[in-house]
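Reader: I am new to protein structures and would like to learn how to read one. Could we go through this one together?

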Amino acid sequence: MTRDNVVAAARGWLGTPYRHLSARRGAGCDCLGLVCGVWRELGGETIELPAYRADWRDTRHADDLLALAERRLVRASGRPRAGQVILFQLGRTRVPRHCGIAVDEHGFIHAQEGRGVVLSDLTDGWRKRVAAVFDFPDL
């Protein structure tokens, strides 16, 4: 698997509707479902999505996204590069509550409520919210 393979797989999900706790290309996914679905398409094992609220505000699951990333992915350093998974802080919390896949140093693909899976610019606003960057295993 290469970073180009990851980006190509993620691009295949563009236009998928937003569906909380789902991971089915074309049918629906949320941000974590996108990452898990891309991983599955590239030959990774199926990852069961934890039960979390769409806004991640349930304190029982506050650390689940980061914990899942730490268990299944490989922590990277530096700025996000193509094919890497980016975890973002949202709101005033320091806990990551959103994720996406970098397509290059300027953009990323993510599932956004009300918009579905989209390609977004990695603006300064998004960059300041980057909490962690990970590689898929075997990259």
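Reader: Happy to start with the strands! How many bridges join strand S5 to S6, and in which sense do they run?
Author: This is a predicted model, so please keep that in mind throughout. Strand S5 covers residues 96-104, and a hairpin of 2 residues links S5 to S6. The two strands run antiparallel, and the number of bridges joining them is 3.

Reader: Which residue in S6 is the bridge partner of Ala-102?
Author: Let's look at two partners across S5 and S6. Ile-101 has Ile-109 as its bridge partner in S6. For Ala-102, the bridge partner in S6 is Phe-108.

Reader: What about the other side of S5: which residue in S5 is the bridge partner of Val-85?
Author: S4 and S5 are antiparallel and are joined by 5 bridges. Strand S4 spans residues 85-89, and Val-85 pairs with a residue of S5. That bridge partner is Ile-101.

Reader: Which residue takes a positive phi in the hairpin of S4 and S5?
Author: Between these two strands there are 6 residues. One residue in this hairpin has a positive phi near 70°. The residue is Gly-91.

Reader: How many bridges pair strand S6 with strand S7?
Author: S6 takes in residues 107-112 and S7 takes in residues 116-121. Gly-107 faces Asp-121 of S7, and Ile-109 has Leu-119 as its bridge partner in S7. The pairing is antiparallel, with a bridge count of 6.

Reader: And what is the phi of Gly-114 in the turn of the S6 and S7 hairpin?
Author: In this hairpin, 3 residues lie between S6 and S7. Gly-114 sits in the turn, and its phi is positive, about 85°.

Reader: How many of the residues of S6 are buried?
Author: Here a cut-off helps: a residue is buried if its relative accessible area is under 20%. S5 is mostly covered, with 8 of its 9 residues buried. S6 is largely enclosed by the rest of the structure, because its buried residues number 5 of 6.

Reader: Is helix H2 mostly covered or mostly open, and how many of its residues are buried?
Author: H2 runs over residues 31-41. Among its buried residues are Cys-31, Leu-34, Val-38 and Trp-39. The helix is mostly covered, and its buried count is 9 of 11.

Reader: Which residue with a positive phi follows H2?
Author: After H2 comes a residue with a phi near 100°. A positive phi can also be found elsewhere in the chain, in Leu-21. The residue that follows H2 is Gly-43.

Reader: Why is the phi of Leu-21 worth a look, and what is its value?
Author: Most residues other than glycine have a negative phi. Leu-21 lies in the loop between helix H1 (3-11) and strand S1 (23-24), and it counts as partly exposed because its relative accessibility is 39%. Leu-21 is a residue other than glycine with a positive phi, and the value is near 60°.

Reader: Is Gly-78 buried or exposed?
Author: Gly-78 belongs to the loop between strand S3 (74-76) and strand S4 (85-89). Gly-78 and Thr-93 are 15 residues apart in sequence, and their C-alpha atoms are 22 Å apart in space. The cut-off for exposed is over 50%. Because its relative accessibility is 57%, Gly-78 counts as exposed.

Reader: Stepping back, how many helices and strands are there in the chain?
Author: Reading from the N terminus, the order is α-β-β-α-α-β-β-β-β-β-α-β. Each α in that string stands for a helix and each β for a strand. The chain has 4 helices and 8 strands.

Reader: What is the radius of gyration of the chain?
Author: The C-alpha trace spans about 35 × 30 × 30 Å along its principal axes, and 49% of the 139 residues are buried. A compact globule with 139 residues would have a radius of gyration near 14 Å, so the chain agrees with its value of 13 Å.

Reader: Last one: how far apart are the centres of the positive and negative side chains?
Author: The chain exposes about 7200 Å², and carbon and sulfur atoms supply 45% of it. It has 21 positive and 17 negative side chains. The centres of these two sets lie apart by 4 Å.

Methods: Residues numbered from 1 in each chain as written. Predicted model: local features only at pLDDT ≥ 70, side-chain atom pairs only at ≥ 80, totals over all residues. Heavy atoms only, no water. Pairing = 2+ DSSP bridges. Rg over C-alpha atoms; globule rule 2.2 N^0.38 Å. Buried < 20%, exposed > 50% of the residue type's maximum accessible area, 1.4 Å probe, protein only. Areas by Shrake-Rupley, 256 points an atom, 1.4 Å probe, with all protein chains shown as cover. Lys, Arg positive; Asp, Glu negative; His and termini not counted. Charge placed at Lys NZ, Arg CZ, Asp CG, Glu CD.
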